[in-house]
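The following exercises introduce a protein structure through the pairing of its strands, the packing of its helices and the contacts of its side chains. Each task is followed by a worked solution.

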Amino acid sequence: MSCSRRSSFEMGKRTVNTELYDLLVIGAGPSGLTAGIYGHRAGLKVLMIGGYAPGGQVTHHYNVENYPGFPGGITGAELMTRWLKQLIDEVGEMPRPSSVTSVDFSNRIKEVYVNDDVFRAKAVIVATGSKPRRLEVPGESRLEGKGVFFCATCDAPLLRTMSSRRAAVIGGGDTAFHTAMALLPHAELVTVITRGSEPRAKPALIQRLQQSQKASILVQRSVTEIIGEQGVTCLSLQNTETKNFETFGVDAVFVGVGQSPVTEFLDGKLELTASGFIITDARLNTSALGVFAAGDVRDTPLRQILTAAADGALAAQTAADYLRMLPDKPQ
Ligand SMILES: Cc1cc2nc3c(=O)[nH]c(=O)nc-3n(C[C@H](O)[C@H](O)[C@H](O)COP(=O)(O)OP(=O)(O)OC[C@H]3O[C@@H](n4cnc5c(N)ncnc54)[C@H](O)[C@@H]3O)c2cc1C
């Protein structure tokens, strides 16, 4: 019989990891990766569970121009590759590529579940960011992946496989304009369709898109249905001023109407705003003692790479301070 220490034991259907971590970071975008690096440098035993997107949303950004230190900009993929390399150099391993499915924050030792696997830690940082918001119109789910897409960086090259390559981008903010820029090399025509009387995106982004002969902007139109059988053939649009309906022929639709926080797995265990963002205080404490939140997932006035990273650093520091105050024996 082997006398090596067991790394896990069975409890009912569940497999409990015997390792007790000081800090468990959920998420591997700018906020989670920074929290991991700062936690490790503070001498904490850190476990990172990063979901299926190491590097987070930034890996899909066409170009990042406002992150200090990179005059002329840097692609999101390159920026996050550097970030992950620094994490591996510092911490020695990549975040686990699994998604947290539920949590129990009711005791001093927090439990984090990946299906039936249980991970335990004295403190947790939630850094799960945000995901694309949906239009919630008929046809969107049925045609998802068959002409309806949510990520231009991932799916724009599919346009090259189509005989006709007219793309529509739905939305009027930065997300929509970044998406449209990423589509230009692959599409014949790119039309940004927005409900407002003018787009809300940064003027520099709008101007850059307008420099392309392939691009146009259609204002005061709301998508009411995405139409097609095997693929997308057209959109049903309603004029937001006259209320009249019209159809608009397209071969692909990219939805770029913003982001919503990734908090479903919390299942009411933390206090959220009405729109679902985690409420924190200035030190990033949440409503549960020993649980902190960082980055886009929390209620904050600015959601950027720089602010997400700053949150990650502060959350790790607050967690380290909290752990120093704990009595030795867990209750
Ligand atoms: C189109 C677009 C363009 C942008 N351009 C810029 C820009 O130019 N400059 C700028 O500063 N900011 C930009 N932003 C904002 C920036 O991307 C975000 O502020 C930043 O990515 C937030 O980082 P985060 O770590 O909080 O979250 P995210 O980057 O969203 O990372 C979340 C992480 O959590 C993980 N995760 C999710 N669910 C789970 C789970 N259940 N279990 C485990 N892990 C999970 C994911 O895998 C991912 O690793 C842009 C955003 C968009 C949408």
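**Exercise 1.** Determine how strand 1 and strand 2 run relative to each other, and describe the turn that joins them.

*Solution.* Strand 1 covers residues 8-11 and strand 2 covers residues 14-26; 4 bridges join them, and the two run antiparallel. The model in which these strands are found is a predicted one. One bridge can be followed residue by residue: Phe9 has Val16 of strand 2 as its partner. The two strands form a hairpin with 2 residues between them. In the turn, Gly12 has a positive phi of about 60 degrees.

**Exercise 2.** Identify the sense in which strand 2 pairs with strand 6 and with strand 3.

*Solution.* Begin with strand 6 (residues 117-126), which is joined to strand 2 by 8 bridges and runs parallel to it. Here Val16 is bridged to Val118 of strand 6. Turn next to strand 3, whose pairing with strand 2 is in the parallel sense over 4 bridges. In this pairing, Leu24 has Leu47 of strand 3 as its bridge partner.

**Exercise 3.** Establish the order and the edges of the open sheet that contains strand 13.

*Solution.* The open sheet has 3 strands in the order 12-13-14, with antiparallel pairing. Strand 12 (221-227) and strand 14 (245-249) are the edge strands, since each pairs on one side only. From one strand to the next, the twist averages 30 degrees. Strand 13 (residues 234-239) is joined to strand 14 by 5 bridges, and one bridge pairs Leu235 with Phe248 in strand 14.

**Exercise 4.** Classify the packing of helix 1 against helix 2 and state which residues make the contact.

*Solution.* Helix 1 (residues 30-41) and helix 2 (residues 76-91) pack at an angle of about 20 degrees, and their axes lie 10 Å apart. Because angles under 35 degrees count as roughly parallel, helix 1 is roughly parallel to helix 2. Their crossing is left-handed. Among the residues in contact are Leu33, Ile37 and His40 of helix 1, and Trp83, Leu87 and Glu90 of helix 2. By class, the contact has 8 nonpolar, 4 polar and 2 charged residues.

**Exercise 5.** Locate the two partners of the salt bridge between Arg208 and Glu65.

*Solution.* The structure has 16 salt bridges in total. In this one, the side chains of Arg208 and Glu65 meet at 3.2 Å, N to O. Arg208 belongs to helix 5 (residues 203-210), whereas Glu65 is in the loop between strand 3 (46-49) and helix 2. The pair thus links distant parts of the chain, 143 residues apart.

How values were computed:
Residues are numbered from 1 along each chain as its sequence is written. This is a predicted model: local features need pLDDT of at least 70, side-chain atom pairs count only at pLDDT 80 or more; totals for chains, interfaces and linings use all residues. Side-chain values use heavy atoms; hydrogens and water are left out. Two strands pair if DSSP finds at least two bridges between them. Axes are lines fitted to C-alpha atoms, for helices over the stretch in contact, and angles run from 0 to 180 degrees between N-to-C directions. Angles under 35 degrees count as roughly parallel, over 145 as roughly antiparallel, 65 to 115 as roughly perpendicular and the rest as oblique. A crossing is left-handed if the near helix is turned anticlockwise from the far one by less than a right angle, and right-handed if clockwise. Contact means heavy atoms within 4.5 Å. Ala, Val, Leu, Ile, Met, Phe, Trp, Tyr, Cys and Pro count as nonpolar, Asp, Glu, Lys and Arg as charged, and the others, Gly among them, as polar. A salt bridge is a side-chain nitrogen of Lys or Arg within 4 Å of a carboxyl oxygen of Asp or Glu.
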